[in-house]
Amino acid sequence: QVQLVESGGGLVQAGGSLRLSCATSGNIFSINDMGWHRQAPGKQRELVAAITKTSSTDYADSVKGRFTISRDNAKNTVYLQMNSLKPEDTAVYYCNALIGTRTGVILRYWGQGTQVTVSS
């Protein structure tokens with residue numbers, strides 16, 4: 001089994017910062033791209049940021065210049081530093097990772113989500 005566990009969500013005022021972490025564990029042979037998506041009430045889940053194994057990054061236009069994704073391959077962990085937060089960033093944030101297991105299975109795994117609420 002593979003587990004992704006997010007942490008770092010919470011309530012913050014507009015203009016504030018939060019740092020999300022997502023630690024992976026379990027039957028892991030390799031981790032390819034990792035990323036963060038979010039889903040606000042009544043909206044579809046959307047990509048926030050993604051990072052490849054070699055740390056190339058991609059961001060949604062709405063978060064460029066404010067959010068930074070990074071990863072620590074030694075710790076199998078991905079991070080999302082969120083600065084200058086806006087009320088419209090309020091959502092449940094989900095991490096995900098494309099993982100190859102020791103049994104040869106390659107699947108995209110998802111965390112359980114962490115709530116981020118930005119008050120105006």
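Let me begin with a definition: a charge sits over a ring if NZ of Lys or CZ of Arg is within 6 Å of the ring centre and within 35 degrees of the ring normal. With that in mind, please look at Arg45 in the model, which is a predicted one, and you will find that Arg45 lies over the face of Tyr94, at 3.8 Å from the ring centre. A second arrangement of this kind involves Arg19, which is placed over the face of Tyr79 at 4.1 Å from the ring centre. As for rings paired with other rings, a search of the whole structure comes back with zero aromatic pairs.

Let me turn now to the disulfide. A disulfide, in general, is a covalent bond between the sulfur atoms of two cysteines. This structure holds one of them, and the two residues that it joins are Cys22 and Cys95, with a distance from S to S of 1.9 Å. Cys22 belongs to strand S3, which covers residues 18-26, while Cys95 belongs to strand S9, residues 91-100, so the bond ties together parts of the chain that are 73 residues apart in sequence. If you look along the S-S bond, the torsion about it is about 45°, and the disulfide of Cys22 and Cys95 is therefore right-handed. Are these two cysteines, Cys22 and Cys95, buried or exposed? Both Cys22 and Cys95 are buried.

While we are in strand S3, let me point to Ser21, which is also placed in that strand. Ser21 has a relative accessibility of 18%, and because buried means under 20%, Ser21 counts as buried. If we leave aside the neighbours within four places in sequence, Ser21 is in contact with Val5, Glu6, Ser7, Trp36, Val78 and Tyr79.

That brings me to the nonpolar core. The largest core of this kind has 31 residues, and those with the most contacts inside it are Trp36, Leu80, Met82 and Tyr93. Several strands give two or more residues to this core, among them strand S1 (2-7), strand S5 (46-51) and strand S11 (114-119). Which strand gives the most to this core? That is S9, with five residues. To see one of the core residues in its surroundings, take Met82, which, again leaving aside neighbours within four places in sequence, is in contact with Gly16, Ser17, Leu18, Leu20, Arg66, Phe67, Tyr93 and Val116.

Now for the charged residues. Side chains of opposite charge can pair when their charged atoms come close. How many salt bridges does the count come to? The count comes to five, and I will go through some of them.

One of them is formed by Asp33 and Arg108, whose closest N and O atoms are 2.9 Å apart. This pair links distant parts of the chain, since Asp33 is in strand S4 (residues 30-39) and Arg108 is in strand S10 (residues 106-110), 75 residues apart. Asp33 counts as partly exposed, at 24% relative accessibility, and Arg108 likewise counts as partly exposed, at 35%.

Another salt bridge is that of Asp61 with Lys64, where the closest N and O atoms are 3.1 Å apart. Asp61 has a relative accessible area of 66%, and because exposed means over 50%, Asp61 is exposed.

A further salt bridge joins Asp89 to Arg66, with the closest N and O atoms 2.7 Å apart. Here Asp89 lies in the loop between strand S8 (77-82) and S9, whereas Arg66 lies in the loop between strand S6 (57-59) and strand S7 (67-72), so the pair ties together parts that are 23 residues apart in sequence. Both Asp89 and Arg66 are buried. Asp89 and Arg66 also take part in a network of salt bridges, in which they are linked with Arg38 and Glu46.

Finally, let me mention two residues for their backbone angles. Asn76, in the loop between S7 and S8, has a phi near 50°, which is a positive value in a residue other than glycine. Asn76 counts as partly exposed, at 27% relative accessibility. Ser84, found in the loop between S8 and S9, has a positive phi of about 50° although it is not a glycine. Ser84 is partly exposed, with a relative accessible area of 41%.

Notes:
Residues numbered from 1 in each chain as written. Predicted model: local features only at pLDDT ≥ 70, side-chain atom pairs only at ≥ 80, totals over all residues. Heavy atoms only, no water. Disulfide = S-S within 2.5 Å. Helix = DSSP H or I, 4+ residues; strand = E, 2+ residues; numbered from the N terminus. Buried < 20%, exposed > 50% of the residue type's maximum accessible area, 1.4 Å probe, protein only. Salt bridge = Lys/Arg side-chain N within 4 Å of Asp/Glu carboxyl O. Phe/Tyr/Trp six-rings, centres within 6.5 Å; stacked < 30°, edge-to-face > 60°. Contact = heavy atoms within 4.5 Å. Core = buried A, V, L, I, M, F, W, Y, C linked by side-chain atoms within 4.5 Å.
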